[in-house]
Amino acid sequence: MRAAYIERLGPPESIVYGELPPPVAGPDDVVVRVSATAVNHVDTFVRSGRYPTAMEFPFVIGRDLVGTVVESRSPEFSPGDRVWCNSLGHEGRQGAASELAAVPVDRLYHLPDGASPTQTVAVVHPAAAAYLAAFTHGNLRPGETALIAGAAGNLGSALVALITRAGGTVIATAHPDDHDYCRLLGAAHTIDYREANVVDKVRDIVASGVDLSIDTSGRNDMVAAVEMLAIGGRIVIVAGTGSRSELLTGALYLKDGSIHGFVISRASSARLRDAATAINRHLLDGALRPRSIDLLPLSAAAEAHRRIETERLHGTRLVLEI
């Protein structure tokens, strides 16, 4: 089968496009013929070694796929079923960037009838991260207010869409050019992230503070985040592997607040399935959709990784067709 893979950790140029033996399915695996795979920032972290994880070389890259079942021992899936997955390519699992992939049955989900395979594969990773950050770790409830920094990006836009449709109110920070887009997604208020008085602007909108704060940009200004929190508010850290920030622990303590770090690569299969159930509900109603997609052939996997690392893609998702 054709695949994009690496034989060692390294830069994008270490990615090989060539032939590999087809996967050998274990007793709990479903073999899927892959039609498309998305390229994520975390894929570059795994490929380079920035995110250490178990892998066996040659290692097929990629995390997300849409495709069609060709072999299954599970009563849940039959040959011909259209499916998706967003948790391959780490913790010893081979990746998705190949013609065939062996997917553990507990990490595979049916693609709803009428859902676009290309649009689905572009959104399932940020959408799952958004769901788990907001509801599993952020414990957001209907009627609460969330501050989403970097709201126009892939993760930010998924957060805005999911939170508003769950009955929450979103204050979005983004570049002014993106404010209309954030409001289209459902944000009730927008703020220019470059302004020096963001804290005051948030307080003008909700005097009691926000119940949930998520900074998708990775800046993670904890002093400002704590200042904007409501009593019992939560901060969920979802990005910023190299960020450093002061933390006024006394202010957090007096607000009965909490800070939770979350990385989707450590999410259990049970939690990922909870997220997948929510994602499937919104794939057809237009709530979850990529801002734009750039389609590339599988042979351009190295180019896609270079672009992820060097370009400001501004919400454009890179999808490899197979």
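**Figure 1. The protein splits into domain 1 and domain 2.** This is a predicted model. Domain 1 is built from two stretches of the chain, 2-124 and 272-321. Domain 2 covers residues 138-261. Measure from centre to centre by C-alpha atoms, and the two domains lie 29 Å apart.

**Figure 2. Domain 1 meets domain 2 at an interface that buries about 960 Å².** Of this buried area, 52% is on carbon and sulfur atoms. Three residues stand out on the domain 1 side: Ala 287, Arg 289 and Arg 291. Together they supply 47% of the area that domain 1 buries against domain 2. No other three residues supply more. In terms of contacts, nine residues of domain 1 touch ten residues of domain 2.

**Figure 3. Arg 291 and Asp 178 form a salt bridge.** Their closest N and O atoms are 3.0 Å apart. How many salt bridges cross the interface of domain 1 and domain 2? The rule finds one. Two residue pairs are also in polar contact across this interface. On the side of domain 1 that touches domain 2, four residues are charged, three are polar and two are nonpolar.

**Figure 4. Arg 234 and Glu 144 pair up from distant parts of the chain.** Their side chains meet in a salt bridge, with 2.8 Å from N to O. The two residues are 90 residues apart. Arg 234 sits in strand β13, which runs over residues 229-237. Glu 144 sits in the loop between α2 (117-137) and β9 (145-149). Are these partners buried or exposed? Arg 234 has 9% relative accessibility, so it counts as buried. Glu 144 has a relative accessible area of 10%, so it is buried too.

**Figure 5. Arg 141, Glu 144 and Arg 234 belong to one network.** Salt bridges that share partners join these three residues. One of the links is the bridge between Arg 234 and Glu 144. Over the protein, the rule counts 13 salt bridges.

**Figure 6. Arg 93 and Glu 91 form a salt bridge.** The distance is 3.7 Å, N to O. What is the relative accessibility of each partner? Arg 93 is at 14%, so it counts as buried. Glu 91 is at 41%, so it counts as partly exposed.

**Figure 7. Arg 307 and Glu 311 form a salt bridge.** Here the N to O distance is 3.3 Å. Arg 307 counts as buried because its relative accessibility is 15%, under the 20% cut-off. Glu 311 is partly exposed, with a relative accessible area of 40%.

**Figure 8. Val 121 is a buried residue of helix α2.** Its relative accessible area is 0%. Which residues does Val 121 contact, leaving aside its neighbours within four places in sequence? The contacts include Ala 36, Thr 37 and Ala 38. Asp 64, Leu 65 and Val 66 are also among them. Arg 317 and Val 319 complete the list. Ser 35 gives another view of how the chain folds back: the C-alpha atoms of Val 121 and Ser 35 are separated by 9.7 Å. Along the chain, these two residues are 86 residues apart.

Methods
Residues numbered from 1 in each chain as written. Predicted model: local features only at pLDDT ≥ 70, side-chain atom pairs only at ≥ 80, totals over all residues. Heavy atoms only, no water. Domains from an automatic or database assignment. Contact = heavy atoms within 4.5 Å. Buried area = accessible area lost by both parts, 1.4 Å probe. Salt bridge = Lys/Arg side-chain N within 4 Å of Asp/Glu carboxyl O. Polar contact = N/O pair within 3.5 Å; in protein donor to acceptor, adjacent residues only side chain to side chain. Nonpolar A, V, L, I, M, F, W, Y, C, P; charged D, E, K, R; others polar. Buried < 20%, exposed > 50% of the residue type's maximum accessible area, 1.4 Å probe, protein only. Helix = DSSP H or I, 4+ residues; strand = E, 2+ residues; numbered from the N terminus.
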